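Visitor: I would like a close look at one part of this structure. Please start with a single side chain, work outward from there, and then cover whatever else in the chain deserves a note.

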Amino acid sequence: MAKITCILLITMIAHHRHICPCHFLGTSFLIGLQMMESKSEAGFFILILSSDEGRRMGSLRLAAAVAAVLSWVLMPPASGRFVVEKESISVVSPESIKGRHDASIANFGVPNYGGTLTGVVIYPSRGRTGCNAFEDGPFQSKSKRPVVLLVDRGDCYFALKAYNGQQAGAAAVLVADTIDEPLLTMDAPEESDNEFVEKITLPSALITRSMGAALKDAIAKGDEEVVVKLDWRESMPHPDERVEYEFWTNSNDECGDRCDEQVKFVGDFRGNAQILEKGGFALFTPHYITWYCPEAFRASKECKAQCINNGRYCAPDPETDFEEGYDGKDIVVENLRQLCVHRVANESGRPWAWWDFVTDYQARCSMKEKKYSKSCAEAVVSSLGLSLDKVTKCMGDPEADADNEVLNIEQELQVGHGNRGDVTILPTLMINNVQYRGKLERTAVLKAICAGFKESTEPVVCLNPDIETNECLTSNGGCWKNTQLNITACKVQLITLAEAFEIFLPLLWVLEDVQLIMEVAGMLPGITRHSQLVQFLTYGSTDSSKCIQDSLLTGCRCPYGFSGDGYECQDIDECKGKLACSCPECSCKNTWGGYDCKCRGDLVYIKSEDACIAKNDSKFSLFITLFVLAIVVSAAIAAYVFYKYRLRSYMDSEIMAIMSQYMPLDNHQNGAQPLREDTTI
């Protein structure tokens, strides 16, 4: 086992460059680090020894990131690493730069997991870094498709660029790198005064310098719009009917905005999480990060204040003050308790009770209110009906100079394996073994989880408008829309023709409306005086239109009765062009999105034949059909009866002939006797 012990000085790195995961460090500090490497394990070991500034930091997130940075510098390439989660971007037009590219998903905003977005790329003429509000906004494309804003990297936070783009009407923001390097993850700033981060609701991504240059050149030529399709459908694995996800968190509520974010998320998401788990749709596991204390420092005051089990499991001091307040070891003990609560709840068949415990604990045992204690935690355990003895036994002895099974597992899981990267920053959400990107908010997280189900197996909780991935929701997909009549070329179908036919046909028979029955039975849209009903039967609503999701350039389709490219639609005059209702007995009147066709006298218009027939003829034909059918059925029954008795007589005679050959002679003399004796009463 090789051991490395070192003391390093980490200084602040410019946030907008995001060269390494410690981009949010706001102060310089000394760190004691020890790293252990062997064939079987690799771990992070950290101890904050001192700080050159007295202000309070987000300690847990800070320490986790520093450990990650140092491990990145010192550990061999084969060990743990950071994984950049990606989405796909396809350039649809112009033809000269068509192709598929990767982009890294930003760790803020709301990625459209499970969905797509097709839009026109716009590169602003001024303020191309996006660091200031756009004076040219709101941006609009000539084709009225959604706008994908392209900005350059540099000069300000990534999140600020996205926010300014959102304010200028963009549906998504692409940040073009300014140097040739592998893709990295854009993160949000840590400072509490950046309230704009929580207001970002659009997706953002970082693209390579070469891709950005190609898009800019195509835009500069101006020959045609540069259209791209952002695709998140494969960003979240969806192998089966159950989603497995885990949440890396901590019990500390004194680490600033990040802790407040976690507290709010757990409270907001509890209901959704419990519905998913009670229904067997999801498997949830909570996790907590801990670190080792270097052996050389285990006797120090700092190590004793921040660690349990003789330096094996540590957490940073919440106040970065070892003389007063709560210590890091208090956090480790409570983290351990919450892990054991989940274990005991899982064994009792109620794994979702963890959400209740954490929510209640945060409300009743807040560190801010000086109620963060063992007695308060045990009271919450008892109130939920969980076995306090089992939880205590699971926790073991924090003062013992021995390994703790539960925390050992946590440290092993922190290190990435396979396609999974290291868990180094809190909070971290993993869904189907992929790290979630985006803001930690109920709807955004639920949307990502729902994208993890195999197609068409999503539970009911996923089928609501809040988490739809329908691109028609963004700027109407750029499609044509008549707001006065609520008609659009980008409306998803609500029910099928078969469903509508099954629902409404019995009602039509009750009304004895022969004309409408024949028209609906023939699946004929836009008919005569029942146009509103038939539009509903045909398209699912009087909107009578739908969005073609799989199309790239033609993302919209005009509804029935209209012509155009989907971005501009005009009513079709079926009467003027003799496109319908052209029979000699017909009288045609054009309507909005359809036409009315009437026949002279007592005739009924049949759209499929574009002809008029008499109502009496149709009724007489129905009577003749039923009469002929009755005759055929009667003949079949008669034939069956005749065949049955004929066969019985034939079989009796054959059996008699066979048996007579083996009977005694006197039996022949007695005359033939019937095989079956009929009994007469």
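**From Ser383 outward**

Guide: In this predicted model, a polar atom of the Ser383 side chain lies 2.7 Å from the backbone oxygen of Val380. Ser383 is located in helix α8. Its relative accessibility is 46%, which puts Ser383 in the partly exposed class because that class runs between 20% and 50%. Going back 26 residues along the chain from Ser383 brings one to Phe357, and the C-alpha atoms of these two residues are separated by 9.1 Å.

Phe357 leads to the next element, since it is among the buried residues of helix α7. Helix α7 covers residues 353-364, twelve residues in total. From the first C-alpha to the last, α7 reaches 16 Å, close to the 16 Å expected at 1.5 Å a residue. The buried set of α7 consists of Ala353, Trp354, Trp355, Asp356, Phe357, Val358, Thr359 and Tyr361. These residues pack against two strands, β12 (243-249) and β13 (282-288), and against the helices α4 (257-278), α6 and α8. Helix α8, the element that holds Ser383, is thus also one of the packing partners of the buried residues of α7.

Two of those partners, α6 and α8, pack on each other as well. Two packed helices are described by the angle between their axes and the distance between the axes. For α6 (residues 328-347) and α8 (residues 374-383), the angle is about 10° and the axes are 11 Å apart. The two helices are therefore roughly parallel to each other, the cut-off for that term being an angle under 35 degrees. On the α6 side, the contact is made by Glu334, Arg337 and Val341. On the α8 side, Lys374, Ala377, Glu378 and Val381 take part. Sorted by class, this contact has four charged residues, three nonpolar ones and no polar ones. An α-helix has 3.6 residues a turn, so residues three or four places apart point the same way.

Another helix, α2 (residues 158-167), gives a further case of burial. Nine of its ten residues are buried, so α2 is largely enclosed by the rest of the structure. The buried residues are Phe158, Ala159, Leu160, Lys161, Ala162, Tyr163, Asn164, Gly165 and Gln166. Among the elements that cover them are the strands β8 (147-152), β9 (172-176) and β10 (204-207). After α2 comes Gly169, which has a positive phi near 90°.

A buried polar side chain can be found in strand β5 (residues 86-93), at Ser88. With a relative accessibility of 10%, Ser88 counts as buried because the limit for that class is 20%. The side chain of Ser88 makes a polar contact of 3.1 Å with the side chain of Arg100. Leaving aside residues up to four places away in sequence, Ser88 touches Arg100, His101, Lys229, Leu230 and Asp231.

The backbone has some features to note. Most residues other than glycine have a negative phi, and most peptide bonds are trans. Ser93 and Pro94 are joined by a cis peptide bond, with omega about 5°. Pro94 sits in the loop that connects β5 and β6 (99-105). A cis peptide bond also links Leu426 to Pro427, where omega is about -5°. The loop that holds Pro427 runs between α10 (405-414) and β16 (428-431).

Asn433 has a phi near 70°, a positive value in a residue that is not glycine. It is in the loop between β16 and β17 (434-435), and at a relative accessible area of 45% Asn433 is partly exposed. Cys581 has a positive phi too, about 55°, and is not a glycine. The loop between β23 (569-571) and β24 (586-591) contains Cys581, which is buried at a relative accessible area of 5%.

For the chain as a whole, the secondary structure amounts to 16 helices and 27 strands. The protein chain has 681 residues, of which 50% count as buried. Among contacts with a separation of 6 or more, 67% are between residues 24 or more positions apart.

Conventions: Residues numbered from 1 in each chain as written. Predicted model: local features only at pLDDT ≥ 70, side-chain atom pairs only at ≥ 80, totals over all residues. Heavy atoms only, no water. Helix = DSSP H or I, 4+ residues; strand = E, 2+ residues; numbered from the N terminus. Buried < 20%, exposed > 50% of the residue type's maximum accessible area, 1.4 Å probe, protein only. Polar contact = N/O pair within 3.5 Å; in protein donor to acceptor, adjacent residues only side chain to side chain. Contact = heavy atoms within 4.5 Å. Axes fitted to C-alpha atoms, helices over the stretch in contact; angles between N-to-C directions. Parallel < 35°, antiparallel > 145°, perpendicular 65-115°, else oblique. Nonpolar A, V, L, I, M, F, W, Y, C, P; charged D, E, K, R; others polar. Expected span 1.5 Å × (residues − 1).
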